Amino acid sequence: MIRMTGIRKAFGSTEVLKGVDLTVEEGQTVALIGASGSGKSTLLRCVNLLETPDEGTIQIGDFSFEAGNITRAVRLEARRKTAMVFQTFGLFENKTALENVTEALIVVQKKTKSEARRIGEEYLERVGLADRASHYPSGLSGGQKQRVAIARALALDPQIILFDEPTSALDPELVQEVLNVIREVSRSNVTMLIVTHEMDFARDVADKIAFMSEGQILECAEPEKLFLHPEKERTRQFLDYYLQKFTYSI
Ligand SMILES: Nc1ncnc2c1ncn2[C@@H]1O[C@H](COP(=O)(O)OP(=O)(O)OP(=O)(O)O)[C@@H](O)[C@H]1O
Ligand SMILES: [Mg+2]
């Protein structure tokens, strides 16, 4: 479970998060949508403290911390409970797919090499890449790289997975293979917060969709409610824009 309350964050004099409240219930998936620059990545990065919030409280399961009280121990614990999948994969280029998955298992979680290997192979299998274990990232497609990154995140057995536009760096024909893996993961017990511009995917996979605009969550509702009966005019405009873009592209 993730519960963010009253999150504020400024970069210099620019207020990027203006008191955000957002809850993702245990085992649920929330898609975070909104215009470029509205603060989606910043909010996501506050959960695992890649950004330090100025104000507010964040709860991850039974662990909670306040903006004013973020020690090194709090940072470590927030990282331990979460895993993040980035737009640009973030793989180690000098390590094979399997080594990318096992690295943190060995270094951070202190698993033996053989145990890490067993777990790594299991998760590569789960994302459909058992036969690519010994390939280096340079020998993988973008979709395969992102699936390795997802296997790496899952292998850590985190309470929460944060995805920041996991498909936006991919060629269009590779998007679905990654979305299918995420869809499969969403059926498990992991709690997920996903920033995405893939509206059909969000509608299909998310328990709730949160619409962010100018540093605030304007509304958060079940997909059908948000898409068919948005409460705010701003939400309607945003969704219309995406609907049009989709229509023009076919
Ligand atoms: N490290 C930083 N220093 C200064 N300004 C920043 C920093 N990170 C983000 N910002 C600013 O904060 C605002 C919100 O950025 P953020 O990346 O959270 O938006 P976003 O909703 O994820 O956008 P996109 O859809 O383009 O990824 C933007 O105006 C951005 O320029
Ligand atoms: Mg972003």
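User: What counts as near in this predicted model, and which residues surround ligand 1?
Analyst: A residue is near a molecule if one of its heavy atoms lies within 4 Å of it. This is a predicted model. Ligand 1 is surrounded by Phe11, Val16, Ala35, Ser36, Gly37, Ser38, Gly39, Lys40, Ser41, Thr42, Glu165 and His197.

User: How many residues of that shell are nonpolar, polar and charged?
Analyst: Gly counts among the polar residues here. The shell around ligand 1 then divides into two charged, three nonpolar and seven polar residues.

User: Which helix gives the largest share of the shell around ligand 1?
Analyst: The largest share is three residues. They come from one helix, residues 40-47. That helix is H1.

User: What distance separates a polar side-chain atom of Thr42 from an oxygen atom of ligand 1?
Analyst: A polar contact needs N or O atoms within 3.5 Å. Gly39 offers a polar backbone atom, 3.0 Å from an oxygen atom of ligand 1. Lys40 uses a polar side-chain atom, at 2.8 Å from an oxygen atom of the ligand. For the polar side-chain atom of Thr42, the distance to an oxygen atom of ligand 1 is 2.5 Å.

User: How much of the accessible area of ligand 1 does the protein cover?
Analyst: On its own, ligand 1 has 630 Å² of accessible area. The share covered by the protein is 57%.

User: What is the strand order in the open sheet of six strands, and which strands are its edges?
Analyst: The pairing in this sheet is mixed. Its order is E6-E7-E8-E3-E9-E10. An edge strand pairs on one side only, and that holds for E6 (82-85) and E10 (216-221).

User: In which sense do strands E7 and E8 pair, parallel or antiparallel?
Analyst: E7 covers residues 160-164, and E8 covers residues 191-195. Asp164 stands opposite Val195 in E8. Five bridges link the two strands, and their sense is parallel.

User: What angle does helix H5 make with strand E6?
Analyst: Helix H5 spans residues 142-155 and packs on the sheet. It touches E6 and E7. Its direction and that of E6 make an angle of about 175°.

User: Which strands does helix H6 lie across?
Analyst: H6 is made of residues 172-186. It runs at about 150° to E8. The strands it lies across are E3 (29-34), E7 and E8.

User: Which residue takes a positive phi in the hairpin of E1 and E2?
Analyst: E1 (residues 2-11) and E2 (residues 14-24) run antiparallel, joined by eight bridges. In E2, Leu17 is the bridge partner of Lys9. Two residues sit between the strands of the hairpin. The residue with a positive phi near 60° is Gly12.

User: Why is one side of E2 and of E5 left without a neighbour in the sheet?
Analyst: The sheet is open, with four antiparallel strands in the order E2-E1-E4-E5. E2 and E5 (63-66) stand at the edges, so each has a single partner strand.

User: Which residue in E5 is the bridge partner of Gln59?
Analyst: Strand E4 (residues 55-60) pairs with E5 in the antiparallel sense. Four bridges make up this pairing. In E5, the partner of Gln59 is Ser64.

User: Which strands do helices H1 and H2 touch on this sheet?
Analyst: H1 makes about 120° with the direction of E1. H2 (residues 72-81) makes about 135° with that of E5. H1 touches E1, E2, E4 and E5, while H2 touches E4 and E5.

Notes. Residues numbered from 1 in each chain as written. Chains lettered and ligands numbered in written order. Predicted model: local features only at pLDDT ≥ 70, side-chain atom pairs only at ≥ 80, totals over all residues. Heavy atoms only, no water. Polar contact = N/O pair within 3.5 Å; in protein donor to acceptor, adjacent residues only side chain to side chain. Areas by Shrake-Rupley, 256 points an atom, 1.4 Å probe, with all protein chains shown as cover. Pairing = 2+ DSSP bridges. Contact = heavy atoms within 4.5 Å. Axes fitted to C-alpha atoms, helices over the stretch in contact; angles between N-to-C directions.
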